[in-house]
2 protein chains.
Amino acid sequence: MQADILSIGDELTSGQTINRNAAWLGEQLQLLGIPVRRHLTVGDNLVEIVGTLQWTHNGCDVLLISGGLGPTDDDLTRQALAAAMHEDLVTDDGALREIEAFFARLNRPMPAVNRVQAARPASAQCISNPNGTAPGIAARWGNCRVFAMPGVPREMKGMFTQAVVPVLAAMGTGTVLRIRKLNTFGMGESALGDRIKDLMKRGSNPSVGTTVHDGVVSVRIYARGSSDEADAVIRSTSAELVNRLGDLIFSTDDEPLESVTVQLLRQARQMVATAESCTGGWLAELLTSVPGASECYSGGWVTYSNALKASELGVDSQMLSAHGAVSAPVAAAMASAARQNAHAHWGLSITGIAGPDGGSPEKPVGLVFIGIAGPDGVEVRRFQFPGARAQIRLRAAQMAMTMLRLKLIGRKFEDVVPS
Amino acid sequence: MQADILSIGDELTSGQTINRNAAWLGEQLQLLGIPVRRHLTVGDNLVEIVGTLQWTHNGCDVLLISGGLGPTDDDLTRQALAAAMHEDLVTDDGALREIEAFFARLNRPMPAVNRVQAARPASAQCISNPNGTAPGIAARWGNCRVFAMPGVPREMKGMFTQAVVPVLAAMGTGTVLRIRKLNTFGMGESALGDRIKDLMKRGSNPSVGTTVHDGVVSVRIYARGSSDEADAVIRSTSAELVNRLGDLIFSTDDEPLESVTVQLLRQARQMVATAESCTGGWLAELLTSVPGASECYSGGWVTYSNALKASELGVDSQMLSAHGAVSAPVAAAMASAARQNAHAHWGLSITGIAGPDGGSPEKPVGLVFIGIAGPDGVEVRRFQFPGARAQIRLRAAQMAMTMLRLKLIGRKFEDVVPS
């Protein structure tokens, strides 16, 4: 069994819109255990759509189409499908009533132009669209099951999940794909890959692979089999990865580092305060992006100038001139002052050189000191982060959260994060 | 003249990777005046790649391929192209030397496996890759010019720009597409569209359209013609749009709002300080994301708790209990204190309800007060932003920068931004 995905629209061929629909549908088909043979993308051109439909439908069992179901003249999917199938285009009474009902709910008369949206090839059926006016189309064309859906992502996803998945699942071979993602921060992708090399062999089941996004290295497990088999493989492989990577793993699936950090603080009923220089408020922004952060985050200082480091956080001006603003003693003083001024359990500080300018041989761009002050005193670590300004700033904020996270779960930093 | 784009890789058909390369190439072809007929995406499968090449190459003048040029067994583009063209695969001596030189620069011996990357169909030529080991391939296949490039975006873009664009430009019809983007903040997309409706008629040259990204409504002008004609049309249409939209426009092309704000401050040699509650440091983060921000940004306070609003910014506790933290008097007090404590020319403050919880009938989620303190006193504006937590926070930070930007260019807020 194999599937093709056809996307229709000039905005896609011209590159104005990135084709995320095709990637989403590809992923959904994989999850259903249906391999994807090819994606095709064509513009709003009748001859081109018909030719592509006729070429591709022969070799596939499932053809998913998105786009071209709107009410205007450049929406050609209905016509093209009927022409390719050598069938008449007929009006579907049920679909027409649904479109009329959609406008009635909005208290607006149905524009005449929307009537064409109820058309379908004679042997096909319409699919309801609860999120918009464009019904979908389901057709049998030789050995191929065709499903045409709107191009608007929300409408396409709703229709696929409600109406197409049940049909595909019933067609399935009983083999599913399960995916689990384990997210780590603190070790580079290649070093991490070395530690789990034997699990990453190509073509095995489960297959294990790594990806990096914004400094977070994620390990994905793909397991195929019956539902029960795949679930069991996911469980045992996860356990082995946890064994190898330990507390470098901060979450599974899509939970971000800031959310984990806020949850741990809330569970411990502890507050944190921040004092930032080079990150300019990014650490504060990440923590407060999590709903409910006010229960564990008092606030912070963005002491970008030395004057504010002195006046607001009491960083000694002699210390600033002796060691420079980017130094361990200044990071320590900032973390302690944040903790004290805010009467918080923890104080986190960041001072560094984010670039592109301001580096020197002794203090190059990417040098960052991160301090954490707690009931047992203050600790400062020195990092040299690679990359450009935005990467350095984000890595610094992520590392500060990691230092706090490891304190909160009672782990020593050097036992978890390799130097 | 028309072009096809073929992308190769299992990670694309399976949806693990979104196909941004195809969109980028589509856009580049449009800019060169070459219409794109279709995009095709196939997995790492020899039969499938050969079949797709043979089907598609006939009707197009240009075929751009990306992916499948790596050194491993699943990199099949070289073999597939030779098979489809009915040619032998030969080793290109020049390309082999370049791959060897690439490893020599890294002080590493060339792995034997990389030798296959120097292979090409007998009649084709290799294209240098300064950014990696995979050479590209340029071939003439009937009436079709074929260019195969690596799938790594940086390598593909470098090779396309250096080696492919000159060939395509020489093939061109003399008609180019020029695009200019004008970025606005402060007016919704539909209200803005109404103001320029007559310029947005479909199928006209120039064509004008709007898009929204992260609250910024951009107006794009597309002009076709000879270079001179298109440039002239871009100039006159830009002038008309500036006439209609005035200082709602903050930049052209890709310059973000924070960058414009920092440039204006630096030109005026003025400093700003920030005091944030619901945005939690996002305003500070945006300003400091711009290199050189230290010349105009002193720093700021993230007074997330009421206690910190009182202790750090001197916000009266009676005022807090009488009006609540989300109120005009508190925003005014925060902006003034930020300005004074930092000895800055300007103070910006934000206090609001970002949700999802914490709203009430009197103070619903999305209610935000923004204050600006300057040499002429303090001004507070009340906003009701739509959307969820992240949108509300970002809109608030963007609006604060807009209030400052309009002060810096000497415009009254209510004369520019509709209420």
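Begin by selecting helix H3 (residues 46–56) and helix H4 (residues 77–84) of chain A, which cross in the right-handed sense, a crossing being right-handed if the near helix is turned clockwise from the far one by less than a right angle, and left-handed if anticlockwise. Helices here are DSSP runs of H or I with at least four residues, strands are runs of E with at least two, and both are numbered from the N terminus. The model in your viewer is a predicted one, in which local features need pLDDT of at least 70 and side-chain atom pairs count only at pLDDT 80 or more, while totals for chains, interfaces and linings use all residues. Residues are numbered from 1 along each chain as its sequence is written, and chains are lettered from A and ligands numbered from 1 in the order in which they are written.

**The helix pair in chain A**

The axes of H3(A) and H4(A) lie 9 Å apart and make an angle of about 50°; axes are lines fitted to C-alpha atoms, for helices over the stretch in contact, and angles run from 0 to 180 degrees between N-to-C directions. The two helices are therefore oblique to each other, since angles under 35 degrees count as roughly parallel, over 145 as roughly antiparallel, 65 to 115 as roughly perpendicular and the rest as oblique. To see the contact, show Leu46(A), Ile49(A), Val50(A), Leu53(A) and Gln54(A) on H3(A), together with Thr77(A), Gln79(A), Ala80(A), Leu81(A), Ala83(A) and Ala84(A) on H4(A); two residues are in contact if their C-beta atoms, placed from the backbone, lie within 7 Å. Coloured by class, this contact of H3(A) with H4(A) has eight nonpolar, three polar and no charged residues, where Ala, Val, Leu, Ile, Met, Phe, Trp, Tyr, Cys and Pro count as nonpolar, Asp, Glu, Lys and Arg as charged, and the others, Gly among them, as polar.

**The matching pair in chain B**

Move next to H3(B) and H4(B), which pack at about 50° with their axes 9 Å apart, and which are therefore oblique. The crossing of H3(B) and H4(B) is right-handed, and among the residues that meet there are Leu46(B) and Ile49(B) from H3(B) and Thr77(B) and Gln79(B) from H4(B).

**Strands and a hairpin in chain A**

Now select strand S9 (residues 176–184) of chain A, which is joined to S11(A) by nine bridges in an antiparallel arrangement; two strands pair if DSSP finds at least two bridges between them. Leu177(A) has Arg224(A) as its bridge partner in S11(A). S10(A) is also antiparallel to S11(A), with seven bridges between them, and Val212(A) stands opposite Val217(A) in S11(A).

Between S10(A) and S11(A) there is a hairpin with two residues between the strands, where Asp214(A) takes a positive phi near 50°, although Asp214(A) is not a glycine. Asp214(A) counts as exposed because 12 C-beta neighbours lie inside 10 Å; a residue is buried if 20 or more other C-beta atoms lie within 10 Å of its own, exposed if 12 or fewer, and partly exposed in between, with C-beta atoms placed from the backbone.

**Two further backbone stops**

Arg269(A), which is not a glycine either, has a positive phi of about 50° and lies in the loop between helix H9 (257–268) and strand S13 (272–276) of chain A. Go on to the loop between strand S15 (346–352) and strand S16 (367–374) of chain A, where Pro356(A) is found; the peptide bond from Gly355(A) to Pro356(A) is cis, with omega near 0°. In chain B, a cis peptide bond joins Gly355(B) and Pro356(B), with omega about 5°.

**The sheet in chain B**

Select four strands of chain B, which form an open antiparallel sheet in the order S10-S11-S9-S12. The edge strands, each pairing on one side only, are strand S10 (207–213) and strand S12 (249–252) of chain B. Then add helix H8 (residues 227–245) of chain B, which lies across S9, S10, S11 and S12 of chain B and runs at about 150° to S11(B).

**Where the chains meet**

Finish with both chains on display: the contact takes 46 residues from chain A and 46 residues from chain B. The elements of chain B that give two or more residues to its side include helix H2 (20–31), strand S2 (36–42) and helix H14 (389–408). Strand S14 (residues 297–303) of chain A runs antiparallel to S14(B), and five bridges join them; one of the partners to show is Gly299(B), which pairs with Thr303(A).
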